[in-house]
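Subject: A structure for you to look at

Hi there,

Here is the structure I promised to pass on. Have a look at it first, and then read on for what turned up in it.

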Amino acid sequence: MDRFRHEALAVVLQVRGVTEGKPRLSVLLKARSRKPFTGAWGLPSGAVAADESLGESVRRHLARLVDLGELAHLEQLETRGAVDRDPAQRTIATAYLGLVPWTREPELPERVGWFGVDELPETAFDHDQVIADGVRRLRAKLSYTNIAFALAPEEFTMSELRSMYAAALDRDVAVTNLQRILLRRGQLAATGEQRGPLRGGGRPAGLFRFTGSRLEVTDPFATLRPSGQG
């Protein structure tokens, strides 16, 4: 009987730089220290043990790099089984998508870091394709689910939320349109609190929160349109 290896991968995404005004959708990568692809960057990964589920496996391997309490959401993304995806051994990979709120700064070990999804370094295996699939999944679900709760802190301004959406979707998002859609879908609620004013002056900004912290389909036929389209 032919033998093969089954591994679990994690595409962990975070919109970094929201509060600094430089939001960027980023992915967590680890530099490889062994062959093949020595020195290249890869997704957190590892073999699935015979006595654990896929979910248990990906959490075990992630826990070596980051506090799992920092993740607000984790879901299965895809399975890849191309015969030549690993030049060393026949390997089937099941990938998961994990999301981290923009205010969290997980402590990371050496040779582990965040990279913008639009400027990836040299990556190992087919990990660039897995990352692209994770980004596509996130962008699709931002349109018809409440998955944005997993990228946001407990409280935020609409300006911050708009910046997060714009970075995650890689397009401009009108703040009034975003607020109207999320309120209509019941995803968003005002806290009654305000933040500011900032040093530059101006009126204090109202704070909002997401109404749920578990993934739900909120509008299966809706999409968030680019700015200027309603």
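The side chains of E119 and R24 form a salt bridge, with N and O 2.8 Å apart; the term stands for a side-chain nitrogen of Lys or Arg within 4 Å of a carboxyl oxygen of Asp or Glu. E119 sits in the loop between strand 7 (112–116) and helix 2, and R24 in strand 2, so the pair ties together parts that are 95 residues apart in sequence. Helices (H or I, at least four residues) and strands (E, at least two) are DSSP runs numbered from the N terminus. E119 counts as exposed because its relative accessibility is 56%, while R24, at 32%, is partly exposed. On this scale, buried means under 20% relative accessible area, exposed means over 50%, and partly exposed is in between (1.4 Å probe, protein chains only).

Before going further, please keep in mind that this is a predicted model, in which local features need pLDDT of at least 70 and side-chain atom pairs count only at pLDDT 80 or more, while totals for chains, interfaces and linings use all residues. Residues are numbered from 1 along each chain as its sequence is written, and side-chain values use heavy atoms, with hydrogens and water left out.

The loop that holds E119 is also home to L120. L120 is partly exposed because its relative accessible area is 28%. Its C-alpha lies 9.2 Å from that of S26, although the two are 94 residues apart in sequence. Leaving out neighbours within four places in sequence, L120 is in contact (heavy atoms within 4.5 Å) with V27, L29, F115, D128 and I131.

Back to the charged pairs: how many salt bridges are there by this rule? The count is 15. As background, side chains of opposite charge can pair when their charged atoms come close. Another of these pairs is K141 with E75, at 3.0 Å from N to O. K141 belongs to helix 2 and E75 to strand 5, so this pair ties together parts 66 residues apart in sequence. K141 is buried, as its relative accessibility is 13%, and E75 is buried too, with a value of 9%.

R80 and D133 also form a salt bridge, their closest N and O atoms being 3.0 Å apart. R80 is in strand 5 and D133 in helix 2, 53 residues away along the chain. Both R80 and D133 are buried. The two also belong to a network of salt bridges that links R5, E7, E78, R80, R85, D126, D133 and R136.

Helix 2 has come up several times, so here is a little about it. The helix covers residues 127–144, 18 in number, and reaches 26 Å from its first C-alpha to its last. That is close to the expected 26 Å, where the expected span is 1.5 Å times one less than the number of residues. Among its buried residues are H127, V130, I131, G134, V135 and L138. What do the buried residues of helix 2 pack against? Their partners are strands 1 (5–16), 2 (24–31), 3 (41–42), 5 (73–80) and 6 (91–99), together with helix 3 (158–169).

Now for the chain as a whole. The domain assignment gives domain 1 (5–144) and domain 2 (147–210); such bounds come from an automatic or database assignment. The C-alpha centres of the two domains are 27 Å apart, and 22 residues of domain 1 are in contact with 18 residues of domain 2. The area buried between them is about 1,700 Å², with carbon and sulfur atoms giving 73% of that. Buried area here is the accessible area (1.4 Å probe) that two parts lose on being put together, summed over both. W102, R139 and L142 supply 39% of what domain 1 buries against domain 2, more than any other three residues. The count of salt bridges between domain 1 and domain 2 is zero.

UniProt, in an unreviewed entry, places the feature "domain: Nudix hydrolase" at residues 4–137. UniProt positions follow the numbering used here, feature names are shortened, and annotations may be inferred rather than shown by experiment. In the model, that span is 16% helix and 35% strand, and its end C-alpha atoms lie 28 Å apart.

Enjoy exploring!

Best wishes
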